Amino acid sequence: MSASVRHIGLSLGADLCWPLCFEAIIRELGGRVRFGGEDIDIEVERVTIEPYALKANHRYDVVLDRLTHWFGTSREWIKKAILMDGTYVLNNPWSLQSMEKQTTYAAMTRLGMPVPETWMVPPKEHEPSEDLAPTLSRYAKMFDLGVVGKQLGYPMYMKPYSGGGWKGVTRIEDEGQLRAAYEASGTTLMHLQKAVDPFTKFIRCVGIGPQLNPVTYAPSAPLHDRYTVGQADLTPEERSSVEDVTITINAFFGWDFNSCESLLSGETWHPIDFANACPDSQVTSLHYHFPWLVLSKVRWALFCAATRRRMPPNLDWQPYFDIADRDPEEPLRSKLAAYGDLSRQRLDATAFDDFCGEALGDLEAIAARYFESDEALQTVRQKVMSLFPEHEVDEFTDLFWQRIQSAISDRAAAATS
Ligand SMILES: Nc1ncnc2c1ncn2[C@@H]1O[C@H](COP(=O)(O)OP(=O)(O)O)[C@@H](O)[C@H]1O
Ligand SMILES: [Mg+2]
């Protein structure tokens, strides 16, 4: 007889593939983990959208949320669940709601990270409102965009201050292009950011709890080839550097699941885009890295559920600022290591490793079996069918399936080496 039960809720929108794999792997684990001398039953359910009373209780210990960034009903339900029921939610919804790309640039610059020089310019046009004319006529200062461009230098990127899936991003080589891009920007509030150019490596590092996966990213390849197959080509020091950057950002903002883009220029890693707290999780983008994603979500969700991990009630930034301010002569790499250690503590990295060792010893073998099964293949096919034209379904299902198979054999080889 099981002594206790934990409920994991999946708060989903269009996601199709990873939830099916997540549910299947929990099922293959027998819907149960043994931890601390106790058998813990794990129930996974999809969170539904419906009216709810402020005081209504619910049964979820952990919610993996993929809706909060755009769907208000679920976001407000999740916020009340944290406050009233002590639910642990990936990610912190308040932080997700309020930390735009601009804020994340400011915060990591405050910690000394070499975010490329960035300017904000008032938008070209405004939505009409009663107060608009008096506000602008009293306070909006005329400015010469060409002068801003000269101060920042070319090439640069114009991007929406709030980020979001490569929409409205323009590379700009000269003043003419800057003026044209601004004219076309309408009401969107834009950044101008100095390009990291040239760069030698482009890494997108995905973090789930304390688990990190730096992947070489090819931004101009078609979507299914942007995450490159295989382990990123990084020296141990480079790997440790991008990992420290990523875990620091994630722990700082309360994002258990996020990705961070960093570009290497000379010896310096420049983080350029790291407010991605609902990263792409589709097999059609991640393919080779998809098993890592699913297994990392399974491990972290089970750890949070089994140990009854608590949401930190605030983000508590002062310890990071104390490291930033402690010695102006201390090199950034050394401060980064200290931020990384603090972040690993906040994410309970050691307890997490112990939990995985004790409760999830069989997980790799179970996952290897699952990712060779017809059920997994049909899940991949279903996702491909939802995105690709009919005549490409066989070809792309096979491509993603083969990449998953090589990931599974690479994982097995790594485990025995
Ligand atoms: N400062 C920069 N230096 C070099 N490339 C950049 C820079 N900013 C953006 N890019 C390029 O533009 C892409 C989209 O910009 P990004 O900041 O990642 O926006 P989004 O939030 O839309 O993903 C990046 O993946 C990168 O290829
Ligand atoms: Mg990006």
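Among contacts between residues at least 6 apart in sequence, 73% join residues that are at least 24 apart in this protein. Keep in mind as you read on that this is a predicted model.

**Overall build**

The chain is arranged into 16 helices and 13 strands. How does its radius of gyration fit with that of a compact globule? For 417 residues such a globule would come out near 22 Å, and the protein has 23 Å, which agrees. Along the principal axes, the C-alpha atoms fill a box of roughly 75 × 55 × 50 Å. Buried residues make up 38% of the 417.

**Around ligand 1**

If you plan to look at the ligand, here is what surrounds it. The shell around ligand 1 holds 16 residues, and the closest are Tyr157, Gly163, Val196, Pro219 and Asp273. Strand 7 (156-160), strand 12 (257-265) and strand 13 (268-273) are the elements that each give two or more residues to this shell. Sorted by class, the shell has 9 nonpolar, 4 polar and 3 charged residues. Where does ligand 1 lie with respect to domain 2 and domain 3? It lies between them, because domain 2 (117-194) and domain 3 (201-373) both give residues to the shell.

**Backbone spots worth a look**

Most peptide bonds are trans, and most residues other than glycine have a negative phi. The places below depart from one or the other of these habits.

| Place | Feature | Value |
|---|---|---|
| Leu90 to Asn91 | cis peptide bond | omega near 5° |
| Asp197 to Pro198 | cis peptide bond | omega near 5° |
| His287 | positive phi | about 30° |
| Asp348 | positive phi | about 50° |

Each of them can be placed in a loop. Asn91 sits in the loop that links strand 5 (88-90) to helix 3 (93-98). Pro198 belongs to the loop between strand 9 (190-194) and strand 10 (201-208).

For the positive phi values, His287 is in the loop between helix 9 (283-286) and helix 10 (290-306), while Asp348 is in the loop between helix 12 (332-346) and helix 13 (349-359). Neither His287 nor Asp348 is a glycine.

Is His287 buried or exposed? His287 counts as buried because it has 24 C-beta neighbours inside 10 Å, and the cut-off for buried is 20 or more. Asp348 has 17 C-beta neighbours inside 10 Å, so it counts as partly exposed.

Notes: Residues numbered from 1 in each chain as written. Chains lettered and ligands numbered in written order. Predicted model: local features only at pLDDT ≥ 70, side-chain atom pairs only at ≥ 80, totals over all residues. Helix = DSSP H or I, 4+ residues; strand = E, 2+ residues; numbered from the N terminus. Rg over C-alpha atoms; globule rule 2.2 N^0.38 Å. Buried ≥ 20, exposed ≤ 12 C-beta atoms within 10 Å, placed from the backbone. Contact = placed C-beta atoms within 7 Å. Near = placed C-beta within 6 Å. Nonpolar A, V, L, I, M, F, W, Y, C, P; charged D, E, K, R; others polar. Domains from an automatic or database assignment.
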